[in-house]
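Got the viewer open? Keep the selection tool handy and follow along, one stop at a time.

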Amino acid sequence: MSTGKFDSDYYFVRKAQDERLPSLTPDEDTSRKPYTSERLPMHTKPLIFFNGASDFQKSNHIRPSDPAPDILFSGSDVLVKDEVRDKLLPLEIPNLAIQPAIYIDHKNNWHEDYWYLTFTELFDCWDRERSSYRPKPIDFDGVKIYNVRQYSLNDDLLDETPLESRRLFKMGGTLDGFVVVHVSIASWFGLSGAVLVPIAEYGVSFP
């Protein structure tokens, strides 16, 4: 697979491989909200999550991470703390809704300083010629999504997209739906609970 000129500029924000980390599960009220794809009205109650891996950790004598990590994951979606949210706000990133969230840990402590990053639109910018993927897509509500093994980004599309509009986004057209961050702000996400995977190395050095 050949690489594009932008591949080295971007990272996937992935959950660290550590069984002590929580696996977020929404509470009943949160699960009824379209928080994964829509900007919720102002003054909506914060999203609430608990550790859905708690029973697995207990039965396998795995001590949950304590203190709670700086970055939490709900599938491929990301929750950050106040410090990262405060840095993101001035950037006015398109299609990004930063929504208040609470994490209830294994000790029933409420952590009220998290923010759920909701991308109301995806950015499908991976190159079909240079990436490695299964050719037969899955039709998901009329949208074709692919199982991608290795990624390379579309040079022409990124060339014509201002950096201000592609510093942080969620990858479209794939089963993964990873959050993608530009090298200029990647360090904001290189915190406990997360790992930054260079796009050029995904599927080669990283799973």
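**Charges first, then the whole chain**

Start by colouring the charged side chains: there are 23 positive and 32 negative charges in the chain, and their mean positions sit 4 Å apart. Keep in mind as you go that this is a predicted model.

Now switch to cartoon view. You should be able to pick out 4 helices and 14 strands. Draw a box along the principal axes and the C-alpha atoms fill roughly 50 × 40 × 35 Å. How does the radius of gyration compare with that of a compact globule? For 207 residues such a globule would come out near 17 Å, and the chain has 17 Å, so the two agree.

Turn on the surface next. The accessible area is about 11,000 Å², with 48% of it belonging to carbon and sulfur atoms. Of the 207 residues, 44% are buried. If you like contact maps, take the contacts between residues at least 6 apart in sequence: 69% of these join residues at least 24 apart.

**Stop 1: the rings**

Select the Phe, Tyr and Trp side chains. The count here is 15 aromatic pairs. Zoom in on Y35 and F49: their ring centres are 5.8 Å apart and the planes meet at 80°, which is over 60 and therefore makes the pair edge-to-face. Y35 belongs to the loop between α1 (28–31) and β3 (47–51), while F49 is in strand β3, so the pair links distant parts of the chain, 14 residues apart. Are these two buried or exposed? Both Y35 and F49 are buried.

Then select F12, W126, Y133, Y146, Y151, F178 and Y202 together. Ring pairs link these residues into a cluster.

**Stop 2: V13 in β1**

Pick V13, in strand β1 (residues 10–15). Its relative accessible area is 1%, so V13 is buried. What does V13 touch, once residues up to four places away in sequence are set aside? Show F73, V78, V179, V181, F189, A194, V195 and L196 as sticks and you have the answer. For a sense of scale, stretch a distance line from V13 to R130: their C-alpha atoms are separated by 21 Å, with the two positions 117 residues apart along the chain.

**Stop 3: V180 and M171**

Move to V180, in strand β13 (residues 179–182). With a relative accessible area of 0%, V180 is buried. Leaving out neighbours within four places in sequence, V180 is in contact with Y10, Y11, F12, R167, L168, F169, M171 and I199. Draw another line, from V180 to V197: these are 17 residues apart along the chain, and their C-alpha atoms are separated by 9.5 Å.

One of those V180 contacts is M171, so click on it next. M171 is found in the loop between β12 (168–170) and β13. Is M171 buried or exposed? At 1% relative accessibility, M171 counts as buried. Beyond four places in sequence, M171 touches F12, L122, F123, C125, W126, Y151, L153, G177, F178 and V180. You have already met F12, W126, Y151 and F178 among the members of the ring cluster. From M171 to Y116 the C-alpha distance is 17 Å, with 55 residues separating them in sequence.

**Stop 4: backbone oddities in the loops**

Three loops to check here. Begin with the peptide bond joining D66 and P67: it is cis, with omega about 10°. P67 is placed in the loop between α2 (54–59) and β4 (72–74).

Next, N108, in the loop between β6 (96–104) and β7 (110–119). Its phi is positive, about 65°, although N108 is not a glycine. N108 is exposed, with a relative accessible area of 55%.

D141 also has a positive phi, near 55°, and is a residue other than glycine. Look for D141 in the loop between β9 (138–140) and β10 (143–145). At 72% relative accessibility, D141 counts as exposed.

**Last stop: V143**

From that loop, step into strand β10 and select V143. V143 counts as partly exposed, at 47% relative accessibility. Finish with one more distance line, from V143 to G172: the two are 29 residues apart in sequence and 9.9 Å apart in space, C-alpha to C-alpha.

Key:
Residues numbered from 1 in each chain as written. Predicted model: local features only at pLDDT ≥ 70, side-chain atom pairs only at ≥ 80, totals over all residues. Heavy atoms only, no water. Helix = DSSP H or I, 4+ residues; strand = E, 2+ residues; numbered from the N terminus. Rg over C-alpha atoms; globule rule 2.2 N^0.38 Å. Buried < 20%, exposed > 50% of the residue type's maximum accessible area, 1.4 Å probe, protein only. Contact = heavy atoms within 4.5 Å. Areas by Shrake-Rupley, 256 points an atom, 1.4 Å probe, with all protein chains shown as cover. Lys, Arg positive; Asp, Glu negative; His and termini not counted. Charge placed at Lys NZ, Arg CZ, Asp CG, Glu CD. Phe/Tyr/Trp six-rings, centres within 6.5 Å; stacked < 30°, edge-to-face > 60°.
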